[in-house]
Amino acid sequence: MGRIVAGIGLSHVPSVGPAFDRGRQQDPAWKPLFDAYVPVREWLAKLAPDVAIVVYNDHVAEFTFDQYPTFALGAAERYAIADEGFGTRPLPEVPGDAEFSIHLCEQLIGQEFDLTVCQEMGVEHGFLVPMNLCFPHTVDREGKARWPVKSVPLQVNVIQHPLPTARRCFKLGQALRQAVESFPGDRRVVVLGTGGMSHQLQGRRFGFMNEKFDQWFLDQLEADPDALTGLSHHKIMEEAGAEAVELIMWLTMRGALSPKAKRVHRHYYAPMTTGMGLITFEE
Amino acid sequence: MGAMHAPIPDTSIFDLRLSRRGRRLNKMCAALCSPTERAAFKHDAEAFMARFSLTEAEKNLIRKRDFKGLIEAGMNIYAMLKIGSATGNSLYRMGAQMRGESYEEFLKTRSISGAV
């Protein structure tokens with residue numbers, strides 16, 4: 001059967017992508033962020049997952065406001081690297097797990113989460129930055145590139161209001177757990193909840209951050225996630241900046257874990273305009 | 001400002017009303033996710049804007065690189081990153097303008113300004 005072995009909450013700041021591609025992991029400004037993921041990758045290697053379910057949002061690359069799904073799940077054998085408007089990053093296509101995805105679609109829709117199902121879907125920094133940090137691809141001597149896990153992208157509308165509520169996102173995680181566990185084949189699964197933490201990218205309040213809120217959110221995510229499901233979008237935007245509302249996607253990850261999942265890593269770094277958080281849980 | 005959310009000072013909340021207002025602008029920006037379209041924009045921005053039926057007021061905001069005005073006109077911030085890139089304006093440069101500061105002034109407000 002399918003089994004969720006771990007969950008990770010992490011930010012998906014776009015500038016991490018070029019820093020990764022240009023090998024700037026040891027630059028003084030970037031080192032604290034990249035170093036935080038060294039023990040996370042060692043831990044993940046021991047957990048040996050087969051699949052990463054990545055809860056993320058697209059930023060007007062693959063989905064436009066002509067048609068904008070509230071929840072969209074990938075059900076493809078592979079996912080192309082999307083051009084976000086700055087050129088396509090030099091990354092190999094991401095392998096999917098269509099059979100597993102189809103099962104998740106059936107189960108989630110059966111549990112009344114009426115997702116948009118995507119048999120073709122490009123992925124961009126919301127998905128790719130967390131993968132670069134947790135599951136970086138390797139290139140062998142013959143130049144063949146390989147990602148260490150297969151992926152299932154789960155896209156959430158967190159940019160065009162009305163957004164799904166924090167509670168709805170948490171419940172989606174709970175439904176996802178049931179869906180994973182009812183899979184007849186063997187799959188070890190890690191769920192990544194991405195985005196945030198505090199940031200605002202427009203208006204006079206551009207660059208606003210709130211470390212106190214972010215640390216409180218990390219505390220609560222570990223100790224009392226139920227309480228976080230009562231947060232309104234307005235409260236998050238007011239306290240942590242308009243774009244911080246992405247944090248509701250971390251609740252999908254937390255909802256997919258059992259209440260007694262143990263917190264393993266925690267890190268916070270806020271160099272420029274975004275509180276970059278990291279928290280991991282193990283079942 | 002939409003009916004769903006009480007205003008937050010100095011903050012734009014991108015809701016369906018704003019999205020509807022910014023339809024033409026956001027469609028144009030979304031097209032910039034293609035190298036051919038980026039080349040077309042750089043070759044002849046006026047023709048490009050006309051193709052997406054921008055109003056004269058919208059065209060003026062683009063011509064003036066008025067990022068604060070574009071947000072108010074309904075451009076989504078992530079759509080704006082694409083027009084920013086096509087016109088040589090990084091997120092932080094656009095942000096400084098929206099704050100009413102120079103880029104250098106803005107950088108001084110950051111704790112580690114090398115992480116760009």
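Start by selecting helices α5 and α9 of chain A: α5(A) passes α9(A) in a right-handed crossing. Keep in mind as you look around that this is a predicted model.

**Stop 1: two helices in chain A**

To find the pair, pick residues 248-255 of chain A for α9(A); its axis lies 6 Å from that of α5(A), and the two helices pack at an angle of about 30°. Angles under 35 degrees count as roughly parallel, so α5(A) is roughly parallel to α9(A).

Now show the side chains where they meet. On the α5(A) side, you'll want Ala166(A), Cys169(A), Phe170(A), Lys171(A), Leu172(A), Gly173(A), Gln174(A) and Leu176(A). Facing them from α9(A) are Ile248(A), Met249(A), Leu251(A), Thr252(A), Met253(A), Arg254(A) and Gly255(A). Try colouring this contact by class: you should get nine nonpolar, four polar and two charged residues.

**Stop 2: α5(A) by itself**

Hide α9 and select residues 166-181 of chain A, the 16 residues of α5(A). How far apart are the end C-alpha atoms of this helix? They are 23 Å apart, which agrees with the 22 Å the helix should span at 1.5 Å a residue.

Which residues of α5(A) are buried? Select Ala166(A), Cys169(A), Phe170(A), Leu172(A) and Gly173(A), which are among them. Further along, Ala175(A), Leu176(A), Arg177(A), Ala179(A) and Val180(A) are buried too.

**Stop 3: where the chains touch**

Zoom out and bring in chain B. Here 40 residues of chain B are in contact with 34 residues of chain A. On the chain B side, the elements giving two or more residues are α1 (16-21), α2, α7 and α8 (91-99). Which of them gives the most? That's α7(B), with six residues. Colour the chain B side by class and it divides into 20 nonpolar, 15 polar and five charged residues.

**Stop 4: α2 and α7 of chain B**

Stay with α7(B), residues 77-86, and add α2(B), residues 23-31. Their axes come within 8 Å and cross at roughly 55°, so these two helices are oblique to each other. Turn the view to look through the pair: α2(B) passes α7(B) in a left-handed crossing.

Finish by showing the residues that meet here. From α2(B), select Asn26(B), Cys29(B) and Ala30(B); from α7(B), select Ala79(B), Met80(B), Lys82(B) and Ile83(B). This contact has five nonpolar residues, one polar and one charged.

Conventions. Residues numbered from 1 in each chain as written. Chains lettered and ligands numbered in written order. Predicted model: local features only at pLDDT ≥ 70, side-chain atom pairs only at ≥ 80, totals over all residues. Axes fitted to C-alpha atoms, helices over the stretch in contact; angles between N-to-C directions. Helix = DSSP H or I, 4+ residues; strand = E, 2+ residues; numbered from the N terminus. Parallel < 35°, antiparallel > 145°, perpendicular 65-115°, else oblique. Left-handed = near helix turned anticlockwise from the far one by under 90°. Contact = placed C-beta atoms within 7 Å. Nonpolar A, V, L, I, M, F, W, Y, C, P; charged D, E, K, R; others polar. Expected span 1.5 Å × (residues − 1). Buried ≥ 20, exposed ≤ 12 C-beta atoms within 10 Å, placed from the backbone.
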